Amino acid sequence: MENKVPEVSIGSCGLAMPAIGMGTAAYPPADAKTIKSAILESIKAGYRHFDTAFIYGSEQPLGEAIAEALSTGLIKSRDELFITSKLWCTFAEQDLVIPGIKMSLKNLQLEYLDLYLIHWPLKFSKEVSPLPVPKEEVFLLDFKSVWSAMEECQLLGLTKAIGVSNFSSKRLEEILSFAKIPPAVIQVEMNPLWQQKELIEFCKAKGIHVSAHSPLGSIGTKWGDNRILDCDDLKEIAEARRKTTAQISLRWVHEQGASVITKSFNKDRMKDKLEIFDWS
């Protein structure tokens, strides 16, 4: 039985966004066939929000999965889905933003995105290079000109909403000082052990929705750790609630008013992560 996912309202137009989304970044990188298969399984499980980015290398398999879901009747319309992608730092200058989103749309085989985010508040040299990027190729973003181009993406109908990722409240305030269209969403790392309290309060006051990536602490990556799943307090709460530690962490994010981007290639865990809304 499909789980019913609540929605949150973002932006001045009140665009509806599912409160939980399936991330498509993988470390170490997964092959396209694995990503596509996981996306199709997650659609079957009830996910309708998918988070991708140019740098993840997952736009093409996500696009292929959407096309297959439509052709097989798994979904009836592209409008059933909420698709987020992100402007990579290589394209983070005014004259490259629109070509950047058009490249993502081509990869995804879509005519529009639901949400387009500036991935990081940084600009890299124009040549796409593997991470980590050498310091001499990293520059500060020209926020005003890049945000103007992001606004143009929305005005052209290439995306329904725009926002930022991995920004501080200080950088958000800078954008708000000149934005004609304010950011609808900020996506940041957030979990019970990294609570982002100041940023959440700032965003509430400004009407910006917070979306949480890495709600389990980037487990399995070289920069993450197991602190969430190994946290004794969270384990104790999970045992008392007869839930998993992962479900408790995701539920905590939801109760802060944030949406959550989770990730799994495992069918059972996909379903478990959707089962965070029907208990208190």
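Let's start with contacts along the chain: of those with a separation of 6 or more, 70% are between residues 24 or more positions apart. Please keep in mind that what we have on screen is a predicted model.

Now the overall build. The chain has nine helices and 12 strands. Its radius of gyration is 18 Å, close to the 19 Å that the globule rule gives for 280 residues, so the chain is as compact as a globular protein of that length. If you draw a box along the principal axes, the C-alpha atoms fill roughly 50 × 45 × 40 Å. What share of the 280 residues is buried? The answer is 52%. As for the outside, the chain exposes about 13800 Å², and carbon and sulfur atoms supply 51% of that area.

Let's go inside. In soluble globular proteins, nonpolar side chains tend to be buried together. Here, the largest nonpolar core has 78 residues. Which residues have the most contacts inside that core? They are Ile10, Phe50, Ile83, Leu87, Ile118, Met150 and Ile186. Take Leu87 and set aside its neighbours within four places in sequence: Leu87 is then in contact with Ala92, Val97, Tyr116, Leu117, Ile118, His119, Val146 and Met150. Apart from the largest core lies another one, of eight residues, among them Leu216, Leu234, Ala238 and Ile248.

Next, please find Thr52, in the loop between β4 (49–51) and α2 (59–71). Is Thr52 buried or exposed? Its relative accessibility is 0%, and because anything under 20% counts as buried, Thr52 is buried. The side chain of Thr52 makes a polar contact of 3.5 Å with the side chain of Thr24. Thr24 is also on the list of residues in contact with Thr52 once neighbours within four places are left aside, and that list goes on with Ser58, Glu59, Leu62, Thr84, Ser85, Lys86 and Leu108.

Now for a helix, α9, which covers residues 267–274. Its buried residues are Met270, Lys273 and Leu274. Why do we say that they line one face of the helix? Seen down the axis of α9, these buried residues fall within an arc of 105 degrees, so they line one face. And what do they pack against? Their partners are β3 (20–23), α1 (32–45), α8 (245–255) and β12 (259–262). At the N-terminal end of α9, Asn266 acts as a cap, with a side-chain oxygen 3.0 Å from the backbone nitrogen of Asp268.

Let me finish with a few loops. Lys135 sits between β7 (122–124) and β8 (138–140). At 75% relative accessibility, Lys135 counts as exposed, because the cut-off for that is over 50%. Lys135 and Gln154 are 19 residues apart along the chain, and their C-alpha atoms are separated by 32 Å.

Two other loop residues show a backbone feature to look for. Gln109, in the loop between α3 (94–108) and β6 (115–118), has a positive phi of about 60 degrees although it is not a glycine. Arg242 also has a positive phi of about 60 degrees without being a glycine. You can find Arg242 in the loop between α7 (232–241) and α8, where, at 79% relative accessibility, Arg242 counts as exposed.

Note on methods. Residues are numbered from 1 along each chain as its sequence is written. This is a predicted model: local features need pLDDT of at least 70, side-chain atom pairs count only at pLDDT 80 or more; totals for chains, interfaces and linings use all residues. Side-chain values use heavy atoms; hydrogens and water are left out. A nonpolar core is a set of buried Ala, Val, Leu, Ile, Met, Phe, Trp, Tyr and Cys residues joined through side-chain atoms within 4.5 Å. Buried means under 20% relative accessible area, exposed over 50%, partly exposed in between (1.4 Å probe, protein chains only). Contact means heavy atoms within 4.5 Å. Helices (H or I, at least four residues) and strands (E, at least two) are DSSP runs, numbered from the N terminus. A polar contact is a pair of N or O atoms within 3.5 Å; within protein, one must be able to donate a hydrogen and the other to accept it, and residues adjacent in sequence count only if both atoms are side-chain atoms. The arc is that of the directions from the helix axis to the C-beta atoms. The radius of gyration is taken over C-alpha atoms; the globule rule is 2.2 Å times the number of residues to the power 0.38. Accessible areas come from the Shrake-Rupley method with a 1.4 Å probe; for residues, only the protein chains shown count as cover.
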